[in-house]
Amino acid sequence: MYFDAKAMVSVDGSDGPEFPLSRGVRQGCPASPSFFTVALAFISWSFGQTFGGLRLDNHVLSSLEYADNQILFTLTADVLQNMLDYIVSTGEPFGLRLSAKKCELICFHRTGSIEKHTLPKVSVAGELLKWKESVVYLGSRISEDGKTSPAIKHRICCADSVVKRLNKRVFQRRSVPASLKGKFISSAVFASLLYGLEHCALGARDKRRLDGFFIRLAKRVLHLKYDLHLSYEVAERRLGVQRPSIILSLNRLRWTGHMLRSEDTVLREVLDFVPEKGKRSRGRPRLRYFDTLKADLAERNAINPKIKQDMFWRVVADKAGDRTSWIQIVNWGR
């Protein structure tokens, strides 16, 4: 059906001349995505039956899948090697090949607790994989030490590239009104800046970095001097957009409400999972998503800031169950 194919253009009932189709689809066949989905569904099912992964309260998390991207979770490098070998051997009869160039390894640990050169070697089809300090998955940068600074810097670089593409057409033109520039910032720049950050545990420093990018961009867009003091309130009023930290708080609360009302029990266990007690290093404890969300709700006077984690998720789930009241909490102060 793909040899000597011809087509014609029909407009208002009149057909044009026939012409040969000299180009096909990228995957070679329009049905290839369906075939790939069927094969991948069997591989994923058999993989879940074979390997355990990370143990939560009532479920086991061994992998996360999105299209043809997959994350494998395990506690030891030996099991990770067995997982990769199993995927290679199971996908080979279907004609699927696991590329070593697209595989990345990362070991989550506390700073100074593991020597990178002592980690076991892991290979795919005979090619060794390198342990990396950070990886990018679906546009989000994940660091081995769990810090959010690399993710913030990565998103700021992505947003800055969008700004450079819009400079000559929109932002540098004085004839374009500030309200229209604000719409470009809200739709294009912030879409790249805040992508995936609503799932991160952000602290005060991360929020200042995001808001600082916004205030510097506002000065350039409004053709103001770089050393001029411009408050967030004035920049928001002139551009018609809110600062990134506020938008991120809205997105975080909105996503949490959808999650708590959904039937995805695995995702809920990931959020309310409490690790076993143990000895931690000196210094302030690292912020968790629970801490960031609790700060957002405490700012809206929707929850007691001293509430414990086990009781916190019960209270939030009850509040998110009522959509009307939850929307009022999300849009508080707007």
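**Exercise 1.** In this predicted model, find the helix that holds Ser 245, then decide whether Ser 245 is buried or exposed.

*Solution.* Start with the place in the chain: Ser 245 lies in helix H7, which covers residues 244-261. Next, take the relative accessibility of Ser 245, which is 14%. Buried means under 20%, so Ser 245 counts as buried. Finally, look for its partners: leaving aside residues up to four places away in sequence, Ser 245 touches Lys 207 and Asp 211.

**Exercise 2.** Work out how H7 and helix H9 (residues 289-299) are oriented where they pack, and what kinds of residues make up their contact.

*Solution.* Begin with the geometry: the axes of H7 and H9 are 10 Å apart and meet at an angle of about 110°. Angles of 65 to 115 degrees count as roughly perpendicular, so H7 is roughly perpendicular to H9. Now list the residues. H7 brings Ser 249, Arg 252, Leu 253, Trp 255 and Thr 256, which meet Tyr 289, Thr 292, Leu 293, Asp 296 and Leu 297 of H9. Sorting the residues of this contact gives five nonpolar, three polar and two charged.

**Exercise 3.** Check the span of helix H1 (residues 32-50) against what its 19 residues should give, and find what its buried residues pack against.

*Solution.* At 1.5 Å a residue, H1 should span 27 Å; its end C-alpha atoms are 27 Å apart, so the two values agree. Then pick out the buried residues of H1: Ser 32, Ala 39, Leu 40, Ile 43, Ser 44, Ser 46 and Phe 47. As a last step, follow their contacts: the buried residues of H1 pack against strands S7 (63-66) and S8 (69-72) and against helix H2 (77-91).

Notes: Residues numbered from 1 in each chain as written. Predicted model: local features only at pLDDT ≥ 70, side-chain atom pairs only at ≥ 80, totals over all residues. Heavy atoms only, no water. Helix = DSSP H or I, 4+ residues; strand = E, 2+ residues; numbered from the N terminus. Expected span 1.5 Å × (residues − 1). Buried < 20%, exposed > 50% of the residue type's maximum accessible area, 1.4 Å probe, protein only. Contact = heavy atoms within 4.5 Å. Axes fitted to C-alpha atoms, helices over the stretch in contact; angles between N-to-C directions. Parallel < 35°, antiparallel > 145°, perpendicular 65-115°, else oblique. Nonpolar A, V, L, I, M, F, W, Y, C, P; charged D, E, K, R; others polar.
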